[in-house]
Every structure is written in C-alpha cells, then in structure tokens.
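Work through the exercises below with the model in view. Try each task before you read its solution.

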Amino acid sequence: MKEYYKDWLLIVAVALGSFGIGYLLQPKIENLIHKPAVKQADTVNFEYLQKLCDKHRIKFSHIIIAQAKLESNLNSAVYKRTNNPFGLRIAAQRYCFAINNYDFGNYAIFANLEDAIRDMKSWQIQNAMFITKDEDYLRLLADIYAEDPDYSVKLLDLIK
C-alpha cells in the first residue's frame, strides 16, 4: 500500500508540474516520498568521524574533530536526535544534505553522520575553498560560523 501511495504522489506531482503548480508543492512532496528516518549509528566515536573526514577529504579535519568535541562530544541529546555534531544550520545559499533542508536558519537534521560530514564539506567548498592555513580557517570560523566569541580559543585548547 505504501509503495502505491508514493507512486501516486509522484504521478500527481508530475501532472501538477506540467501546469506549473508542482514547483510550489515540490518540497512537501519530496519530503513525503524521500524523507529518510534519522538513524543513530551504534558505534560512533571520534575515530569513525576521522575516517569519514578522510573519506570525504575534509580540509582541516583536526579542527573539525575539535568542533564535534566542543559542539556535541558525539553524545549530546541534540546530536542523538539530529546526527549534527557540528551545530550546522540549514543553508539557504548552498546545497544542504539535511533532511529538513527547507527549514532555513534552523539546526540541520541529518539521516546519518556521513550526511553531516558531506554538509560540512559543502560548507567548506562555499566558504573555505582557498584557505590553506589553520589560523585563517579558525579566523573564518570565528567570523562567520561561531556565535561564541571565544570559539577559536576553545578549539585550539581541544586540539592541543
């Protein structure tokens, strides 16, 4: 029955799309059809997070790991509910891997930790493409990412 319902929604979306109405309904229809459940990994630790950073070639992965420690320590209630170890928000100006990707400005909810890493990669591509030094990356985080004025100092303490 569920598969029939999804097929029917897709047919309705295509039919409405031909009239231009489907564009307005697309976010709601996509969420009904493609919204994956948030699944918390059983054995999430910082070694696993580092492997994901390496797999996706995340720049400054040592700083990213420190961010995860500072923001959630991979065990906060918010992290367990959202798979968002970095406190990433929904972006309006770049591709976002969150399942609540039309909820601009709110904290992102990811289907899994790997999607959070992909979203961090997307953030880095948009904001840190040409940054090569730790100091410059930390300055960027302080300027446009963090709400805490001592964020960079706290990250440096965790890195040491």
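Helix axes here are lines fitted to C-alpha atoms over the stretch in contact, and angles between them run from 0 to 180 degrees. The model is predicted.

**Exercise 1. Two helices**

Find how the axes of helix H6 and helix H7 are placed relative to each other.

Solution.
- Step 1. Locate the helices: H6 covers residues 113-127 and H7 covers residues 134-145.
- Step 2. Take the axes. They come within 12 Å and cross at roughly 100°.
- Step 3. Apply the cut-off: angles of 65 to 115 degrees count as roughly perpendicular. H6 and H7 are therefore roughly perpendicular to each other.
- Step 4. List the contact. H6 supplies Met120, Trp123, Gln124 and Asn127. H7 supplies Tyr137, Leu140, Leu141, Ile144 and Tyr145.
- Step 5. Sort these residues by type. The contact has 7 nonpolar residues, 2 polar and no charged.

**Exercise 2. A bridge between helices**

Determine which parts of the chain are tied together by glutamate 114 and lysine 55.

Solution.
- Step 1. Recall the principle: side chains of opposite charge can pair when their charged atoms come close.
- Step 2. Check the distance. The closest N and O atoms of glutamate 114 and lysine 55 are 2.7 Å apart, and the two form a salt bridge. The structure holds 7 salt bridges.
- Step 3. Place the partners. Glutamate 114 lies in helix H6 and lysine 55 in helix H3 (residues 46-55), so the pair ties together parts 59 residues apart in sequence.
- Step 4. Judge exposure. Buried means under 20% relative accessible area, and exposed means over 50%. Glutamate 114 has 14%, so this residue is buried. Lysine 55 has 54%, so this one is exposed.

**Exercise 3. A bridge between loops**

Say where arginine 89 and glutamate 147 lie in the chain.

Solution.
- Step 1. Confirm the pair: arginine 89 forms a salt bridge with glutamate 147, with the closest N and O atoms 3.0 Å apart.
- Step 2. Place both ends. Arginine 89 sits in the loop between helix H5 (77-82) and H6. Glutamate 147 sits in the loop between H7 and helix H8 (151-159). The two are 58 residues apart.
- Step 3. Compare exposure. Arginine 89 is partly exposed at 33% relative accessible area. Glutamate 147 counts as exposed at 64%.

**Exercise 4. One more pair and a network**

Are aspartate 119 and arginine 94 buried or exposed?

Solution.
- Step 1. Their side chains meet in a salt bridge at 3.0 Å, N to O.
- Step 2. Aspartate 119 is in helix H6, and arginine 94 is in the loop between H5 and H6, 25 residues apart.
- Step 3. Both aspartate 119 and arginine 94 are buried.
- Step 4. Now look for shared partners. Salt bridges join Lys55, Glu114, Asp115 and Arg118 into one network.

Notes. Residues numbered from 1 in each chain as written. Predicted model: local features only at pLDDT ≥ 70, side-chain atom pairs only at ≥ 80, totals over all residues. Heavy atoms only, no water. Helix = DSSP H or I, 4+ residues; strand = E, 2+ residues; numbered from the N terminus. Parallel < 35°, antiparallel > 145°, perpendicular 65-115°, else oblique. Contact = heavy atoms within 4.5 Å. Nonpolar A, V, L, I, M, F, W, Y, C, P; charged D, E, K, R; others polar. Salt bridge = Lys/Arg side-chain N within 4 Å of Asp/Glu carboxyl O. Buried < 20%, exposed > 50% of the residue type's maximum accessible area, 1.4 Å probe, protein only.
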